[in-house]
Structures are given as C-alpha cells and as structure tokens.
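Dear colleague,

I am handing over the structure we spoke about, which you will find just below. My notes on what was found in it follow, and I have tried to keep them in an order that can be read alongside the structure.

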Amino acid sequence: MSRTRVPLHELAHSRAGDKGNTLNISVILYRAEMYETVARQLTAERVAEAFSFRKPTRVTRYDLPELGAFNFVLENALEGGVNGSLGLDGHGKTLSFAMLQIPVEIGAG
Amino acid sequence: MLPVHIGCGAGFAGDRSDVAGPVVDELVGRPGERFLIFETLAERTLALALQGAREQGGEGYSPSLERLVRPVLRKCLDSGIRIVGNFGAADPGAGAKKLKEIAASFGRPDAKVAAVEGDDLTGVLTARQLAEREVGDTLLSDSPAIVSANAYLGARPVAEALDLGADIVITGRVSDPALVLGPLVHCARWRENDWDLLAAGTLAGHLLECGAQVTGGYFADPGYKDVPGLEDVGYPIAEFHEDGSIIVSKPAGTGGRVDRQTVLEQLLYEIHDPAAYLTPDVTLDIRAVRIAELGDDRVSVVGAKGRPRPETLKATVCFEGGVLGEAEISYAGPNARARARLAADVVSRRMRDRAPGLPVRIDMIGVQSVFSGISFDPSPPGPAGDCGDIRLRFATEAPDAATAGLLLDEVEALYCAGPAGGGGVRRRLARRYKSASCLIERGLVAPRAYFVD
C-alpha cells in the first residue's frame, strides 16, 4: 500500500487560543487510531518549522492520548498579541488553520 | 444541595443578547438550584471601561450589562434563577446599582444585588512594586502610564455573596471559571482543599465560560464539521453532580450541537500545560478527563484532577500603548496585484523619508494577510494569472495620533498620486492599551462582597 500525503485537516480539527503573546493550538483527531501516525510526524520541531513565519521562541507539544488530542503551545508567536500586533488577527485565531494545512503521510508504513 | 444547573448567557461582551432567553426558559423547568452566568471581561475590557468613564462620562462597568441582562432579568428574579456576571469591570458597585435600578423598573426593588470588589490593585501596589512582580517580560520597567491593575479573584467572594442571599452578583476581575465555581462552592460547601471537586467545578466553568464555543459555535467547518442551525446556536447549560461529574447540554429547540468533538475543542481552548491549568482556587489537571456522548446533545464529562492552588494570584496591568493607525485601499481587475504592489512601495518609500523608524505593516488582503509570511501556492486564481480583487492594508503604531496619521495621509494620497485604479480608502485611528502580567501575594488582596441599595 502506498503512502499518501494529506493536509492534517483531513485527519483532525483544531482551535487556537491566546494568552498575551502565547498561542495554543489544539489538534484533535477524528479517529483515535490515527494517533501514532500523527504523533510520529507532527513533532514540536515540525510545527516550529511550519510556524517559522511567526517566529515562536519555543514550541511545546503536550500529548493527550486518552483524549485523542495534542496541545501545542507556541511562545511569542503572536507579533505582540491582541494588544500589540499590527496584523489583522492579533489573537491568532485564524492560525488553527495554518496548523491544519501541514501535510502528513498516511497509509502503510 | 447538588445537582446544580448553571447556564451561560454570554461568552464575551459582544455576544448576542437573545441567547440567554432560551437558557433561562430551560433552567425554569429544572429542579433545584439554578444559576445564569455572564462572562464579559476580556483582558482589555477593564482599561476600556476606565477610559470610557474618565473621558466620555461613561460608567466604569461593562457597557454590555444592560443589553445582555435586561431581556432575562425579570424571569430570573421571578423564577429564583440567580445571576453571576463579571460586568463590574472598573466599578462593580456601579454595575450592581444599575442592575438594582433595572430590577426596580420591573417592580422588583427588593432584588438583592451584591458587588464583589477587592481586585483593584492601584491603591495597593505602586507602579514600581508592580514592575517588581511582572512575569514573562519587563514591560513595566519602562514606567508606562498605568491605566488599571487588577488581580484575578477566585470563587470564594462570589460564594460569600451568594451565602449572604444575593439574587445577583456583579464582580470585577475574577478568574472566568470562578463565575461557575462560586455558585458551586456556595451550594456544595466544599472546603478549600477539596482539590478534585474544586477542579471539577473549575472544569465546568472552563467549558461554560465561552458560551457557544462548547455547543457548536466557533466550530463549523462545512463538509468536515457541520453544525445545524448555527444562526440560532443554543448556549450551554451544565448540570453538576455530587460526585463531580458534569453534564453539558443546551436548550431544547435551539441550533448547534453538543458532542465529544465540540466539548473537546473547548476543553483545550486557551490551555497551556494540560496537567496544570492555574486558577486562584485550584490547579486543574485535565489529562484524565473522559467525555461520553449521552445522545440528544447531552455530554458527560468526568475525571478532572485537582492539586493545591498556586501560592500567588495573577494580575493584569493595562497601560497606555499609543495609537494604532490603519488604512486600506482596493485594486481590482487586470494587473491588480502589480498595481497594489506599486502602491505599497510608494507608501513605504514615502514613510521611510517622513517618519523614519515608524513601523509599517502591509497586508495584501485577497493574496496574503493573516497568514503573512507563510509560503503559499504561487499559482494565483483569476484571469490572466491575477488575483482579481485586492484590498491593500497598512498599519502602524505610534506614540500619538499625529504620527500615526502620517501613514493614513499617505494611503489617502494614493487616490490622486498612486497607481491607477485605487479606490475605497478607509482610515481609522484607535487608542491602544497594552498589558502585562504580574504575580501578587495573596495577602495583599482582600476580596469583599457587599449589597447595594
């Protein structure tokens, strides 16, 4: 069976939240059996790279296997946050979908 | 005294004013103790309320108070549904008086309305003492003009007001979950070290505090996560049981959905370490939480764990943050992208000469804005490889309106002096408040609840 690349959006849903200049993004799998597949690929390093345009100073992944979910915390990723950013979305609310466009490989292997 | 039924009538100050009605109608039909909470106090709301009070003769409480509470106040009072809301902002006493006045206009001058105060730190700590307690940054070391400083109070003063017989409790800054935990502590008489129960009550608060975010609001993604009747999304009600289990539901006949997915999204919302969500009352650990669908938009949530509360209280300090200036202009049709790019260059060059060092952010809405800087598919839609309809946005931040206005003037001047076909300029200046976080010794804060007449 060949491997296929799909956006994370096909496998998971997500919500972003802000506290000051820190962003958290949940990744919640539609099917719990995909947990290992996603856990292997969606590392904190990979997410840091995908969000390099926001220059986070640190990315932490918290694993919640019983809930079939991950929680990513990206520090200093909000261009100053809602009170400081010059961007349109100072809360970073749209960024859950930046997470969901990260490609992941599914299939055998 | 359990189970207790707690509904949420607003998740933020800008929330809909017609959503609390169905929640109250549902609560009326339920037995036992019932409460309605309103969460209306975002980080900056307090500073904005203070500014409103000082400069525009406004009140120090949240301007959303009357709009959100009036539609349901009479029915709540007549049905024994008690109201807890953090409308108080900079002046909980004034907010409580306003509610008393509205209740009197309904023929209920006997309503017992309590204010919870003690969160205001401006008379407690000097600017220097606040700066010494700042965490995560050193914004306060530059001696900014402080507008407000408030500690996050916990559930105890809310419970105390209810113990005294309040029908309505108006707080200033309290932790959002305390709006729910307060009524639970009042009803269940938990001790200060009943950590698991306090954690379960805090979890109930966390699930309710953002209103529809747990019942299908802020959730829909067509084809992936569809939500029926989003235009009439029902607001949540939590039923809290003796053993700490929570059942989340919404009023019958409303839109939205309550299931594992909607609850899980809200469970993780604004959480950092899932093992340690810090509140004034308890440290909440959600790692072992279990969510079970009961059908008919009812979900059971169990498994919150609690550990001792933090030694210190968090406080938010708001200070003057200059002026945000924004201006926009549109370019459309053939070669729109190149003309927009040229307009951006023209304004950038002129600003470099006229206001060196002033930050200028440029977004090309329709091409790239909120994901600015991310690599994207270079094959653009539209005829002849163009984007078709671009909104060019400029933004700056300056210490004063005159400086920020320099950018706005440059964007407006594109009407006559920029590239061909620019139109629809809009410009806006807004005062900015920035905030810093501090950790405050509990002993410095003396929460109190009192009735207004």
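Let me begin with B:Gly229, which counts as partly exposed because it has 13 C-beta neighbours inside 10 Å, whereas 20 or more would be needed for a residue to be called buried. Please keep in mind throughout that this is a predicted model. B:Gly229 sits in the loop that runs between α8 and β8 (237–240) of chain B, and, once its neighbours within four places in sequence are left aside, B:Gly229 is in contact with B:Gly255 and B:Gly256. From B:Gly229 to B:Ala178 there are 51 residues along the chain, and the C-alpha atoms of these two are separated by 30 Å.

B:Ala178 leads on to a pair of helices, since it is among the residues of α7(B) that meet α8(B). Helix α7 of chain B covers residues 178–188 and helix α8 of chain B covers residues 195–208, and the two pack with their axes 7 Å apart at an angle of about 140 degrees. That angle makes α7(B) oblique to α8(B), because only angles over 145 degrees would count as roughly antiparallel. The crossing of α7(B) past α8(B) is right-handed. On the α7(B) side the contact is made by B:Ala178, B:Leu179, B:Val180, B:Leu181 and B:Leu184, and these meet B:Leu198, B:Gly201, B:Thr202, B:Ala204, B:Gly205 and B:Leu208 in α8(B). Sorted by character, the residues of this contact between α7(B) and α8(B) comprise eight nonpolar, three polar and no charged.

A second pair in chain B is formed by helix α3 (residues 65–79) and helix α4 (residues 92–105), whose axes come within 10 Å and cross at roughly 50 degrees. It follows that α3(B) is oblique to α4(B), and α3(B) likewise passes α4(B) in a right-handed crossing. Here B:Leu65, B:Glu66, B:Val69, B:Arg70, B:Leu73 and B:Leu77 of α3(B) meet B:Gly95, B:Lys98, B:Leu99, B:Ile102 and B:Ala103 of α4(B), and the residues of this contact divide into seven nonpolar, one polar and three charged.

Lastly, helix α9 of chain B (residues 260–267) is mostly covered, with six of its eight residues buried. The buried residues of α9(B) are B:Thr262, B:Val263, B:Leu264, B:Glu265, B:Gln266 and B:Leu267.

With kind regards

Terms used. Residues numbered from 1 in each chain as written. Chains lettered and ligands numbered in written order. Predicted model: local features only at pLDDT ≥ 70, side-chain atom pairs only at ≥ 80, totals over all residues. Axes fitted to C-alpha atoms, helices over the stretch in contact; angles between N-to-C directions. Helix = DSSP H or I, 4+ residues; strand = E, 2+ residues; numbered from the N terminus. Parallel < 35°, antiparallel > 145°, perpendicular 65-115°, else oblique. Left-handed = near helix turned anticlockwise from the far one by under 90°. Contact = placed C-beta atoms within 7 Å. Nonpolar A, V, L, I, M, F, W, Y, C, P; charged D, E, K, R; others polar. Buried ≥ 20, exposed ≤ 12 C-beta atoms within 10 Å, placed from the backbone.
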